[in-house]
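Visitor: Could you take me on a close look at a single strand and what surrounds it? I would enjoy one connected tour.

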Amino acid sequence: MPELLNKRLVFVTGKGGVGKSTISIALGLRAAAKGKRTIVCEIAGQETASRVFRRAEVGFHEVEVSDNLWAISIDPDESLREYLLLQLKVRAMRDMLVRSKIFNYLAAATPGLKELVTIGKIWELAQHDRRVKKGREYDLVIVDAPATGHGVGFLQTPRTFAGIARVGPIHNQAQELDRYITDHATTGVAIVSIPEEMPVNESASLEGQLTNDVGISVDRVYMNALYPERFSNDDADELERALDAADGQALGAIRAALSEHRRCRSQRAQLQRLKRAVSTPVKTLPFVFKPQLDVASLERLAGAL
Amino acid sequence: MAAITDIVEGRGICICAGSGGVGKTTTSAAIAAGLAARGQKVAVLTIDPAKRLADSLGLKELDNEPRMVDAKLFEPSGVEMRGELWAMMLDAKATFDEVVRNHAPDAETRDRILENRIYRQLSNALAGSQEYMAMEKLFEIHQEGRYDFLVLDTPPSRNALDFLDAPKRLTNFIEGRGMQMFMKPTGFATKVVGRGSSMAMGVLKRVTGLDLLTDLSEFFQAFSGMVDGFRERAKRVSELLADPATTFVVVCGPQGEPIEEAVYFHRKLVEAKLPVGGVIVNKVHYETEADLESGEVQADLSDLFDDDLAERVANNFADYQALAQRDARNVDRLARELNQKRVIRIPYLDEDVHDLEALMKIDRYLFASEEQREALAASGAG
């Protein structure tokens, strides 16, 4: 099992469209198969887990989607409400606050508050002793984190917030969150990339920012969706030579093969670039030739992690 | 199905929208380059281009000023640049600062805002501020009237709709009713009207810590003099977006999820009464006529190669076909949803697009008719 899964909290991040959600769920399946009670957190509005496991009801509550595997979609407004509930024991006071215009206004206006309460909820899920009444204890929390750019800002929120609110309970809690996610024994990050120019560049700068600016430990870089090397250069030469002789249906097949060969070569070059650019070990994952990702293909992917 | 020319004909602005990782920047640059090559003076405003793409356009850094791309750079691609291509990388923070400078009633207010910690967080980090600034810059450049055509590449964001709400959100933020509370010079907590509010403020103090509120209060007070200017500006930006001379193009990928997002995004744009020109689907695996089931392909391949290579070629083809069928289904789904609007399919090229030459390849597809595109894709012009 990847060492990453021995941590308690794992953020999966990378550029948009590289397969973060898929890999988050695959990591969850892998950990769950090893007997770890695992929860995969999506940040509101993604709902990949609902789709994959055909569970319409994954929302702001913990839903068991498979053996030992739960999913939750974290909504910042709900997280804020829950936070207030835990913070203010008097229900009437909380209700008053939630209904209050100025409070809602401030909550919406304060930069980073949404991100902060989202990370707060993630932290809460990772606690042995859950703050939420009758909360289930998890061994591992996996977060399908926002894409690069937003991702660094997201993970930096606790620190930024601790800076904005110089004193008071929010300051203290933000500091505690920051300590938790920058504790290398507890929290880790997997960066997901694909073998293309821009994702590789972004993965490299993301690693630098997460390590240096956020201070979080980056444990693994996944190079996702790598084509198999089906054809050697000699094969390609032979295919090239056959182009003139071929016609009709075979011609299309040969073109597809040559195209695969070219793409494959460019992918290997990007893989080498990535390996040179990052200091974290890179693990490759195969491209899944499936029209739609189902649980079975995710389980196969999980085996490759 | 049609060419990009049908979408941009007679317009002055094209806004490329879509979720992250679908090739928005590349598409924006390709549209701009194509229009420029055909004789127009075009500026493309991009947010965060791939370094090599930026390099190939001669963009060295964020400088918030459009720069002309040297026409010579197009020569290796065999493209004759008949117009002018200008490109700019947006610096959101600098644009926000500019806006504050332009709207601040006096130097003291300007400095108070620029140095306020909440402002500094806001201008860097608040979701939507980058989106808003992209449109602010678009508006400004449009006002100057130096170009025939503008292409805006919207910022990558988790929610592709963020930028639509951005002007509204920002004005709401700075003019919001709650702000009145902070304007009372003698302190907000004691002067607010109504018992509920003052209790809320009390609870809030307990939960947040007072310093945060002091900063916010300071920020709002400083901003109060600029509310009218901001509101007016945001209104005009919104008008520009809805103008018939503007067209939105949704950019997406052919997989199920990006297609669903494009469908959703298209609906939202229509609901917001914004002019949608069409959708560009990138990285499509084009279908071929071949039918593997018949065994004909395998037989033909066996005539040309030894069994091992023939089998690998056939297997690869089967995988490719599966993806092509998926893409065709997804694009059909999208086309039904768009109801007569234009869908342009750009094939999955063999090489990553990050230089001008590859960009001009994309261009050939963008500016071709559907029939020409089919022919290009079938001939393996990648």
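**A strand and its surroundings**

Guide: Gladly! From β5(A), L140(A), I142(A) and D144(A) point one way while V141(A) and V143(A) point the other way, and all of them are buried. Buried here means that 20 or more other C-beta atoms, placed from the backbone, lie within 10 Å of a residue's own; 12 or fewer makes a residue exposed, and anything in between partly exposed. In a regular strand the side chains alternate between the two faces of the sheet. This is a predicted model, in which local features need pLDDT of at least 70 and side-chain atom pairs count only at pLDDT 80 or more, whereas totals for chains, interfaces and linings use all residues. Residues are numbered from 1 along each chain as its sequence is written, with chains lettered from A and ligands numbered from 1 in the order in which they are written.

Strand β5 of chain A spans residues 140-144 and is mostly covered, with five of its five residues buried. Strands (E, at least two residues) and helices (H or I, at least four) are DSSP runs, numbered from the N terminus.

Now for the partners of β5(A). Strand β1 of chain A, residues 9-14, runs parallel to β5(A) and is joined to it by four bridges; two strands pair if DSSP finds at least two bridges between them. Here D144(A) is the bridge partner of V12(A). Strand β2 of chain A, residues 38-43, also pairs with β5(A) in the parallel sense, over five bridges, and C41(A) has V143(A) as its bridge partner.

One residue of β5(A) leads us to a core: I142(A) is among the members of a nonpolar core of 70 residues, which also include V10(A), F11(A) and W70(A). Such a core is a set of buried Ala, Val, Leu, Ile, Met, Phe, Trp, Tyr and Cys residues joined through C-beta atoms within 7 Å.

Apart from that core lies the largest one, of 87 residues, in which A32(B), V42(B), L150(B), V151(B) and V250(B) touch the most other members. Helix α2 of chain B, residues 24-37, gives the most to this largest core, with eight residues.

For a companion view in chain B, look at strand β7, residues 276-284: eight of its nine residues are buried, so β7(B) is largely enclosed by the rest of the structure. Strand β6 of chain B, residues 246-252, pairs with β7(B) in the parallel sense over five bridges, and F248(B) has V276(B) as its bridge partner.
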